[in-house]
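Me: I've got a model open and I keep tripping over the labels people attach to it. Can we go through a few and check each against its cut-off?

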Amino acid sequence: MDRICESVFQKICSLAPLGRYVIISEDEFWEVFPEESERNETELDKALKKLISDRFIDVKYSGGDMFCVAPLKNYENAQPISVEPQTAQQDEKPLKRQSALTVFFAALIGGALGSFIISLVFALI
């Protein structure tokens, strides 16, 4: 994430908790832009689009110089993600088969019970 995106994201996070929308004006974004960067709508739109595509923020609407935005997740500096070994997926296979059989027999019994109840209703009427 570049400096402009990071500055814009930090401003949004400082005004709203995760998942909550807040209305922010363009002027508030200009306050946090780095000194050496250009302060124009193109740079702001580019930063917001980058944050949206990376799913850091959600923009409900933007009109004129007002934006309704919500932070969706926190940003942590380049922490490598550890990958778990594939053996865990092999252990889940018997559990999936057992749950599939349980669902099948539950549906079978439910269908039979439903048919029996309907037969009783028609027999009594």
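Below, each label is taken in turn and tested.

Reply: Sure, and keep in mind that this is a predicted model. For orientation, the chain has 4 helices and 3 strands, running α-β-α-α-β-β-α along the sequence.

Me: Start with the helix pair. Why are α1 and α3 called roughly perpendicular?

Reply: Their axes cross at roughly 75°. The label covers 65 to 115 degrees, so α1 and α3 count as roughly perpendicular to each other. The axes come within 9 Å, and the touching residues are Ile 4, Cys 5, Val 8 and Phe 9 on α1, with Glu 43, Leu 44, Ala 47, Leu 48, Lys 50 and Leu 51 on α3.

Me: Okay, now Ser 25. What makes Ser 25 count as buried?

Reply: Buried means under 20% relative accessible area. Ser 25 has 13%, so it counts as buried. It sits in strand β1, residues 22-25, and touches Asp 65 and Met 66 once residues up to four places away in sequence are set aside. For the chain as a whole, 22% of the 125 residues count as buried.

Me: And Leu 15: why does Leu 15 get "partly exposed"?

Reply: That class lies between the two limits, under 20% for buried and over 50% for exposed. Leu 15 has 36% relative accessibility, so partly exposed it is. This residue belongs to helix α1.

Me: Which residues does Leu 15 contact, leaving aside neighbours within four places in sequence?

Reply: Val 22, Ile 24 and Glu 28. Separately, the C-alpha atoms of Leu 15 and Ala 70 are 9.3 Å apart, with their positions 55 residues apart along the chain.

Me: Last one, Val 121. How do you know that Val 121 is partly exposed?

Reply: Same kind of check: buried stops under 20% and exposed starts over 50%. Val 121 comes in at 40%, so it counts as partly exposed. You'll find Val 121 in helix α4, residues 87-124.

Me: What makes Val 121 eligible for a surface patch?

Reply: Patch members need over 30% relative accessible area, and the 40% of Val 121 meets that part of the rule. Val 121 is listed in a nonpolar patch with Leu 113, Phe 116, Ile 117, Leu 120 and Ile 125, and together they have about 620 Å² of accessible area.

Me: How much area does the chain expose overall, and what share comes from carbon and sulfur?

Reply: About 9500 Å², with 57% of it supplied by carbon and sulfur atoms.

How values were computed. Residues are numbered from 1 along each chain as its sequence is written. This is a predicted model: local features need pLDDT of at least 70, side-chain atom pairs count only at pLDDT 80 or more; totals for chains, interfaces and linings use all residues. Side-chain values use heavy atoms; hydrogens and water are left out. Patches are made of residues with over 30% relative accessible area and no salt bridge: like charges are joined within 9 Å, nonpolar side chains (Val, Leu, Ile, Met, Phe, Trp, Tyr) within 5 Å. Accessible areas come from the Shrake-Rupley method with a 1.4 Å probe; for residues, only the protein chains shown count as cover. A salt bridge is a side-chain nitrogen of Lys or Arg within 4 Å of a carboxyl oxygen of Asp or Glu. Helices (H or I, at least four residues) and strands (E, at least two) are DSSP runs, numbered from the N terminus. Buried means under 20% relative accessible area, exposed over 50%, partly exposed in between (1.4 Å probe, protein chains only). Axes are lines fitted to C-alpha atoms, for helices over the stretch in contact, and angles run from 0 to 180 degrees between N-to-C directions. Angles under 35 degrees count as roughly parallel, over 145 as roughly antiparallel, 65 to 115 as roughly perpendicular and the rest as oblique. Contact means heavy atoms within 4.5 Å.
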